Amino acid sequence: MLIYKYNISDTAETELNEWFDEMSDERRLETKQLISKEKRAAKIAADHLCRKAIAEFCGVTPESIEFTKNKFGKPFAKNLPVHFSISHSNNTVICAVADKEIGIDIEKTRPINPKAAQKFATETELEYIASNQNGFFEIWTLKEAYFKCIGTGLGTDIKSVFFNINPSGIFCSESGFECSFIDIDEDYICSVCQKTT
Ligand SMILES: CC(C)(COP(=O)(O)OP(=O)(O)OC[C@H]1O[C@@H](n2cnc3c(N)ncnc32)[C@H](O)[C@@H]1OP(=O)(O)O)[C@@H](O)C(=O)NCCC(=O)NCCS
């Protein structure tokens, strides 16, 4: 597994325009439809970053890569032996590439209403969240990384999978998945989830 990270605030407008031109027609259209300038920049930078990541992983050129999606929107690189996942939050875009199915999620930490956790966390996870400063974002990003790994996104019952985080590791209620936190910096929590077979 390789993780690529990019800070959008490092990108000049001219560079973003060049990367925009390198995207597929479909992605250009999706990007144009975004109202927020920051979200447009993240979408463009994510395309550039994952092309670079996949190109290095597979030994192909970035411009030769074509993408397709499953019915839930999970992207795949056509005809290449690689899996990847993208996430963006605030100024940061992250891409994980691997030879097995993978999901990644990043969130910038921010004040939250603790009650919001009841929508996605089980009783045991709520106890973890109550006693750990970044517990909310740890559990949230683990779940999102898991659902991105299996490719359904958050359309599924979020409590159908749960996590136990303790000093010996991160344990997923579903077998066959390996999950971990990726250190970005103190303002971000990032989780990655990968199939083991
Ligand atoms: C996918 C989803 C988890 C993304 O969460 P988010 O916190 O808003 O955004 P993130 O920045 O972490 O991730 C965005 C990336 O997830 C990827 N993605 C989208 N759908 C995905 C899926 N089903 N599985 C895995 N990855 C997915 C895309 O690469 C996207 O990046 P891009 O917009 O630059 O292409 C969330 O939007 C979701 O669950 N959507 C519902 C999917 C669904 O049910 N669709 C119904 C059919 S239309």
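This report walks through the domains, the core, the ligand shell and a few local details of the structure above.

Keep in mind that this is a predicted model: local features need pLDDT of at least 70, side-chain atom pairs count only at pLDDT 80 or more, and totals for chains, interfaces and linings use all residues. Residues are numbered from 1 along each chain as its sequence is written.

**Two domains**

Let's start with the overall layout. The chain is assigned domain 1 (2-99) and domain 2 (105-195), with bounds that come from an automatic or database domain assignment. Their C-alpha centres sit 23 Å apart. Where the two meet, 14 residues of domain 1 and 15 residues of domain 2 take part; being in contact means that the C-beta atoms of two residues, placed from the backbone, lie within 7 Å.

On the domain 1 side, β1 (2-7), β4 and β5 each give two or more residues. The largest share there is the four residues from β5. (Helices, H or I with at least four residues, and strands, E with at least two, are DSSP runs numbered from the N terminus.) Sorted by class, that side of domain 1 has five nonpolar, seven polar and two charged residues. Here Ala, Val, Leu, Ile, Met, Phe, Trp, Tyr, Cys and Pro count as nonpolar, Asp, Glu, Lys and Arg as charged, and the others, Gly among them, as polar.

**The core**

In soluble globular proteins, nonpolar side chains tend to be buried together. In this model, the largest nonpolar core has 44 residues, and F84 and C95 have the most contacts inside it. Such a core is a set of buried Ala, Val, Leu, Ile, Met, Phe, Trp, Tyr and Cys residues joined through C-beta atoms within 7 Å. Buried, in turn, means that 20 or more other C-beta atoms lie within 10 Å of a residue's own, exposed means 12 or fewer, and partly exposed is in between, with C-beta atoms placed from the backbone.

Among the elements that give two or more residues to this core are α3 (37-58), β4 (83-89), β5 (92-98) and α5 (135-150). The largest share, 10 residues, is from α3. Domain 1 and domain 2 each supply at least three residues to the core. As for F84, leaving out residues up to four places away in sequence, its partners include C50, I54, C95 and I102.

**Around the ligand**

The ligand is surrounded by 19 residues, and G73, K74, G153, L154 and G155 are the closest; a residue is near if its C-beta atom, placed from the backbone, lies within 6 Å of the molecule. β4 gives the most to this shell, four residues. The shell is made up of five nonpolar, nine polar and five charged residues, and each of the two domains gives at least three of its residues.

**Local details**

Helix α5 has 16 residues and reaches 23 Å from first C-alpha to last, close to the 22 Å expected at 1.5 Å a residue. That expected span is 1.5 Å times one less than the number of residues. Because 15 of its 16 residues are buried, α5 is largely enclosed by the rest of the structure. G151, with a positive phi near 95°, follows α5.

Two asparagines, neither of them a glycine, have positive phi too:

| Residue | Phi | Loop |
|---|---|---|
| N79 | about 60° | between β3 (75-77) and β4 |
| N90 | near 55° | between β4 and β5 |

N79 counts as exposed because it has 10 C-beta neighbours inside 10 Å, whereas N90, with 17 inside 10 Å, counts as partly exposed.
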